[in-house]
Amino acid sequence: MTEAAEGILPAQALRAMFANGTIAAPRPTDPDQIQPASLDLRLGSVAYRVRASFLPGPGSTVETKLARLKLHEIDLSRGAVLETGCVYIVPLLESLELPSGLSATTNPKSSTGRLDVFTRVIVDGGRAFDSVPDGYRGPLYAEISPRTFPVLVREGSRLSQIRFRSGEPLVSDEDLGAVHAAEQLVFGGEELIGGGVQLTIDLGGSGEGSLIGYRAKRHTGVIDVDKKAAQDPRDFWEPIYNHGDAALILDPNEFYILVSREAVHVPPLFAAEMVPFDPLVGEFRVHYAGFFDPGFGNMGAGGKGSRAVLEVRSHEVPFIVEHGQTVGRLVYERMAERPERLYGEGIGSNYQGQALKLSKHFRL
């Protein structure tokens, strides 16, 4: 593989990596598996129920740890239900032979996060979750723990995505301000640039009585992660309305779908990631699935971006969030080159132009 330009690698580079063996899999890629700057990762044929989450650590393999921690083995070739409150390890179909100078980061797909399925990728010798070190050569594994809904998965199901990075493409605040001036990265709200583009929460909606979010129900049926628009949202979600106070008390260990006040835009030569604003500002976690491909919110002439859907979970105590409260920030990275197609350009992009929206598994 020739040395990549500094930045996040685009779709055409990912296809070349399959062709030259940098990424390997026992079967061809799915038609919509490669996104503009990321690759969906597919589950293999077996899942291992384990006693606890773990990291292999230097000099150890995931397989070695599994030999000690697995409780039983589950065949995924025909599909199987992963239960809430359990931890599973699944070898992925894709494996890597990265050259020196190329690393990767993983995160849950947007649809996975909106189902409150906690998933992260681990690698042999790994010191951190969702991080593939420079030059890594070996298998990939998904750790999966459904938090709210039991899910039906099978070999080939896609819960995580990976993006590949050459060099240090993070955009500084100074440069980000210039990009915002030229490209308009955020619309509405206070449009604050600092540590990335700051995002606030919308609890006002369109006024008193309007829908502002959803809270997940407990003890529901199973969701098939591979079926779109198959579920009635009323069976899984309680709607939340603006009662005039523009505030919401987050109950401990409950899961919420909310939305940002700002709409965001990711220009073609950039990718973005949602990261926590500051762990000291509140006892809650926002956004499991934080990657935004190039072209997200690119709505054409006169377009005003797309909102960021927020997957929110409070921690140990009830916590009040208020309309306009800062909950996260969007950090931008440069692409190594422009992707051949942008998000939303005929590639099965489910969330272009979104406002408050549940995952693709639910009927409108």
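This is a dialogue about reading a predicted model, from the whole chain down to single residues.

Trainee: Where do I start? How many helices and strands are there in the chain?

Mentor: Start with the inventory. The chain has 4 helices and 26 strands. Next comes overall form. The radius of gyration is 20 Å, and the globule rule gives 21 Å for 364 residues, so the chain is as compact as a globular protein of that length. The C-alpha trace spans about 55 × 50 × 40 Å along its principal axes.

Trainee: What share of the 364 residues is buried?

Mentor: Buried residues make up 54% of them. Contacts add to the picture. Take those between residues at least 6 apart in sequence: 82% of them join residues at least 24 apart.

Trainee: Now a single helix. Which residues of helix 4 are buried?

Mentor: First, the general idea. An α-helix has 3.6 residues a turn, so residues three or four places apart point the same way. Now the case. Helix 4 covers residues 173-183, and its buried residues are Leu176, Val179 and His180. Seen down the helix axis, these fall within an arc of 100°, so they line one face of helix 4.

Trainee: Which residues are exposed on the other side of helix 4?

Mentor: There you find Glu174, Ala181 and Ala182.

Trainee: And what covers the buried residues of helix 4?

Mentor: The cover includes strand 14 (186-187) and strand 15 (197-200). It also includes strand 21 (270-276) and strand 26 (326-334).

Trainee: What follows helix 4?

Mentor: Gln184 does, and its phi is positive, near 55°.

Trainee: Why pick out a positive phi?

Mentor: Because most residues other than glycine have a negative phi. Two further cases sit in loops. Asp116 is not a glycine, yet its phi is positive, about 60°. Asp116 belongs to the loop between helix 3 (110-113) and strand 9 (117-123). Ala229 also has a positive phi, near 50°. Its loop runs between strand 17 (223-224) and strand 18 (237-241).

Trainee: Is Asp116 buried or exposed?

Mentor: Asp116 is buried, with a relative accessible area of 0%. Ala229 is partly exposed, at 40%.

Trainee: Let's turn to rings. How many aromatic pairs are there?

Mentor: The count is 8 aromatic pairs. For any pair, read two values: the distance between centres and the angle between planes. Phe149 and Phe236 are 5.5 Å apart, centre to centre, with 85° between the planes. That pair is edge-to-face.

Trainee: Which parts of the chain does the pair of Phe149 and Phe236 tie together?

Mentor: Two loops. Phe149 lies between strand 11 (137-146) and strand 12 (151-153), and Phe236 between strand 17 and strand 18, so the pair ties together parts 87 residues apart in sequence. Phe149 counts as buried, at 0% relative accessibility. Phe236 is buried too, at 2%.

Trainee: What about Trp237 and Phe255?

Mentor: Their ring centres are 6.1 Å apart and their planes stand at 45°, so this pair is tilted. Trp237 is in strand 18 and Phe255 in strand 20 (residues 255-264), 18 residues apart. Both Trp237 and Phe255 are buried.

Trainee: Which residues form one aromatic cluster?

Mentor: Phe149, Tyr214, Phe236, Trp237, Phe255 and Phe362 form it. Both pairs we discussed have their residues on that list.

Trainee: A ring may also have a charge over its face. Which residue lies over Phe129?

Mentor: Arg120 does, at 3.5 Å from the ring centre. Phe129 lies in the loop between strand 9 and strand 10 (131-132). At 24% relative accessibility, Phe129 counts as partly exposed.

Trainee: What is Phe129 in contact with, leaving aside its neighbours within four places in sequence?

Mentor: Its contacts are Ser53, Phe54, Leu55, Arg120, Val121, Ile122 and Glu143. Now compare sequence with space. Phe129 and Leu69 are 60 residues apart in sequence and 18 Å apart in space, C-alpha to C-alpha.

Trainee: One last feature. What joins the side chains of Thr22 and Asn20?

Mentor: A polar contact of 2.6 Å. Thr22 lies in the loop between helix 1 (11-19) and strand 2 (23-24). With a relative accessible area of 4%, Thr22 is buried.

Technical notes:
Residues numbered from 1 in each chain as written. Predicted model: local features only at pLDDT ≥ 70, side-chain atom pairs only at ≥ 80, totals over all residues. Heavy atoms only, no water. Buried < 20%, exposed > 50% of the residue type's maximum accessible area, 1.4 Å probe, protein only. Phe/Tyr/Trp six-rings, centres within 6.5 Å; stacked < 30°, edge-to-face > 60°. Lys NZ or Arg CZ within 6 Å of the ring centre and 35° of its normal. Contact = heavy atoms within 4.5 Å. Polar contact = N/O pair within 3.5 Å; in protein donor to acceptor, adjacent residues only side chain to side chain. Arc of directions from axis to C-beta. Rg over C-alpha atoms; globule rule 2.2 N^0.38 Å.
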